[in-house]
Amino acid sequence: MRFLVDFDRGDLIRFWITPDNPTAIGRVAVSVEGRRVAEVPATIIDPNIRAFGWHATGQCTYEITPAEVPDLPSLPQLEIRDIDTNLLIHRRVPAEGLCQNKVLLLNTSIKPETVIQGLMFRHFQQSYFGLGKLTEDMLRCIFDSTTIASSFLSGSIVVPRYESNLPPDRILTSTLIHDPHIEMATRLLWLKARAEAAADPGQAWRFGRLAEAATFVAEHDLLDVKSLKRLFRLLPEPAYHLLYNPLTRQLGTRLPDDRVHPGNSIVAVEILSRIGIVGHRDSFEAFVTSMLDRLEIADTVPAPEPIPADVVDLAGRLRQVRAVDGMLTFDVIMSDAVRSSVAKAWTS
C-alpha cells in the first residue's frame, strides 16, 4: 500500500492510495471527534499509477468535499483512515501551537516508549506509533511525505534499510538506549507472558516463530540461575534471534533476519553517531528535556515508567550467566558509551 496527501484546502482534501489488492477500489473512513461520518471510495483515475504498475486501473485518487462531509470547510478537526488497514492518511487539527517538524523516535526496546509518545502526540498534526508493524511501502510513504511537516513517528525499525529516507534536513531522528541486561530481562518476561496464548493453536499464528520461543522460555524457572544457564544452553533459534545483541541488530543490519557479525557493531556505532538526539534510559529526564528544547516545545517532562521489580531482579541474575555476556557484548559497549557521554554532557 502506498499513499500521498496532495493538499487539504479546507473545502477540498485530495489524496491517493494504492491498495494492496491491485484490482480493488479502495475506501476511506472520515471521522469527526471520533465518530465516523462518511465512507468514501476512490473515484478518480490516475494513469501514472497504472503506468507504474501499482494498480490495475489507476482508480486510486480521492477528493473529499462538502458533498461527502457536510460543513467540511468549518471542521477544525477530522481524521481520514484507510478502511482496509486502518492506517491514518490525514489528520486535520488547528495549526496554532503545533511543532512544525518531522520527528522519528527509534524504539530500541521491545516495549514502546509510551510515556514519550503520550507527551508528543498533542504537539503534532499527525502521529504514527508502532512503525515496525507497517509494511515497507507504508513506511517509505510516511518518511518521504513532504506535505505533512508536523508529524511524530515512533517505533522499532531496522535503521540501515531506511536511513536514506531519513535525511537530517527533513527528519529529526532520536533514540533512547536501554541497559542491555534490563532489555534482555524485559524480552524474556515478554516471551513468558505470551506463552499461554502461543501454545493455543488458535492464537499461535499471532506470534509467528516467536510462539516456539515463548513456549520454551515458559518451561524454565527464571528465578533460578541454574535454570537460566540451562535455558541459554538450549536456546532455540527464534529466541536466540530475539535476545542476541538486539540493539546492534537494529542499528547494524539491513534485514531483520540478517546474522549479526562483529562488523555489524561497527556499522551500528556509525549509525548511532548520525542520529540527531541520543539518550540513555538511565537519564530519561535529560533525553526528554533535550527533545523538548530542540523542538522548542514548552511542556513538562513526565516521569518515566518505572522498571518493574521482576525485570530488575532478573537482570541481576542474567549478569551471573556467562553465556549472556557473549550475547550482549556489542550492545553493552554501545550502552556504556552512551551512558558515559550523557552523564558527562548533562553534568557539565
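How many nonpolar, polar and charged residues does the lining of the largest pocket have by class? In this predicted model, that lining has 16 nonpolar, 12 polar and seven charged residues.

## Pockets

The largest pocket has a volume of about 1200 Å³, and of the 35 residues that line this pocket, Ile110, Gly132, Ser156, Ile157 and Leu242 are the closest to its centre. At least two lining residues come from each of α3, β11, α4 (159-162), α5, α9 (237-243) and α10.

The second largest pocket holds about 350 Å³ of space. Its lining counts 23 residues, of which Lys111, His178, Arg281, Glu305 and Ile307 are the closest to its centre. Two or more lining residues are given by each of α2 (114-121), α5 and α13 (309-318), and α5 gives the most, with five residues. By class, the lining of the second largest pocket divides into 11 nonpolar, four polar and eight charged residues.

## Enclosed cavities

Apart from the pockets, the structure holds two cavities of 30 Å³ or more. The lining of the largest cavity is made up of Phe3, Leu4, Val5, Lys102, Gln126, Tyr128, Cys141, Ile142, Ser145, Thr147, Ile148 and Ser151. The elements that contribute two or more of these residues are β1, β10 and α3, with β1 giving the most, namely three residues.

The second largest cavity is lined by Thr108, Ile177, His178, Pro180, Glu183, Pro246, Leu247 and Asp331, and both α5 and α10 (246-252) supply at least two residues of this lining. His178 thus appears in the lining of the second largest cavity and also among the residues closest to the centre of the second largest pocket.

The table sets out the volume and the lining classes of the two cavities.

| Cavity | Volume | Lining by class |
|---|---|---|
| Largest cavity | about 90 Å³ | seven nonpolar, four polar and one charged residues |
| Second largest cavity | about 70 Å³ | four nonpolar, two polar and two charged residues |

## The parallel sheet

Strand β10, which contributes to the lining of the largest cavity, belongs to an open sheet of five strands whose order is β10-β11-β9-β12-β13 and whose pairing is parallel. At the edges of this sheet stand β10 (126-128) and β13 (277-280), each of which has a single partner strand, so that one side of each is left without a neighbour in the sheet. From one strand to the next, the twist averages 15°.

The partner of β10 is β11 (residues 151-155), and the two strands pair in the parallel sense over three bridges, with serine 127 standing opposite phenylalanine 152 in β11. Helix α3 (residues 136-144) lies across β9 (102-107), β10 and β11, and runs at about 140° to β9. Both α3 and β11 return in the lining of the largest pocket, to which each supplies at least two residues.

## The antiparallel sheet

A further open sheet consists of four strands in the order β1-β2-β6-β5, with antiparallel pairing. Its edge strands are β1 (2-8) and β5, each of which pairs on one side only; the edge strand β1 is also the element that gives the most to the lining of the largest cavity.

Within this sheet, strand β2 (residues 13-18) and strand β6 (residues 59-64) run antiparallel and are joined by four bridges, and phenylalanine 15 stands opposite tyrosine 62 in β6. Strand β5 (residues 44-45) is likewise antiparallel to β6, to which two bridges join β5. Here isoleucine 44 stands opposite threonine 61 in β6, while the bridge partner of isoleucine 45 is glutamine 59.

## Packing of α5 against α7

How do the axes of α5 and α7 lie, and at what angle do these helices pack? Helix α5 (residues 180-193) and helix α7 (residues 210-218) pack at an angle of about 95°, their axes being 7 Å apart, which makes α5 roughly perpendicular to α7. From the α5 side, Leu188, Trp190, Leu191 and Lys192 take part in the contact, meeting Leu210, Ala213, Ala214, Val217 and Ala218 in α7. By class, the residues of this contact divide into eight nonpolar, no polar and one charged.

Helix α5 therefore links several parts of this description, being in contact with α7 through residues that include Trp190, supplying at least two residues to the lining of the largest pocket, and giving the most to the lining of the second largest pocket.

How values were computed:
Residues numbered from 1 in each chain as written. Predicted model: local features only at pLDDT ≥ 70, side-chain atom pairs only at ≥ 80, totals over all residues. Heavy atoms only, no water. Axes fitted to C-alpha atoms, helices over the stretch in contact; angles between N-to-C directions. Parallel < 35°, antiparallel > 145°, perpendicular 65-115°, else oblique. Contact = heavy atoms within 4.5 Å. Nonpolar A, V, L, I, M, F, W, Y, C, P; charged D, E, K, R; others polar. Pairing = 2+ DSSP bridges. 1 Å grid on protein atoms, 1.4 Å probe; cavity = no way out; pocket = protein on both sides within 12 Å on 5 of 7 lines; lining within 4 Å. Points joined across faces, edges and corners; volume = space filled by probe spheres on them.
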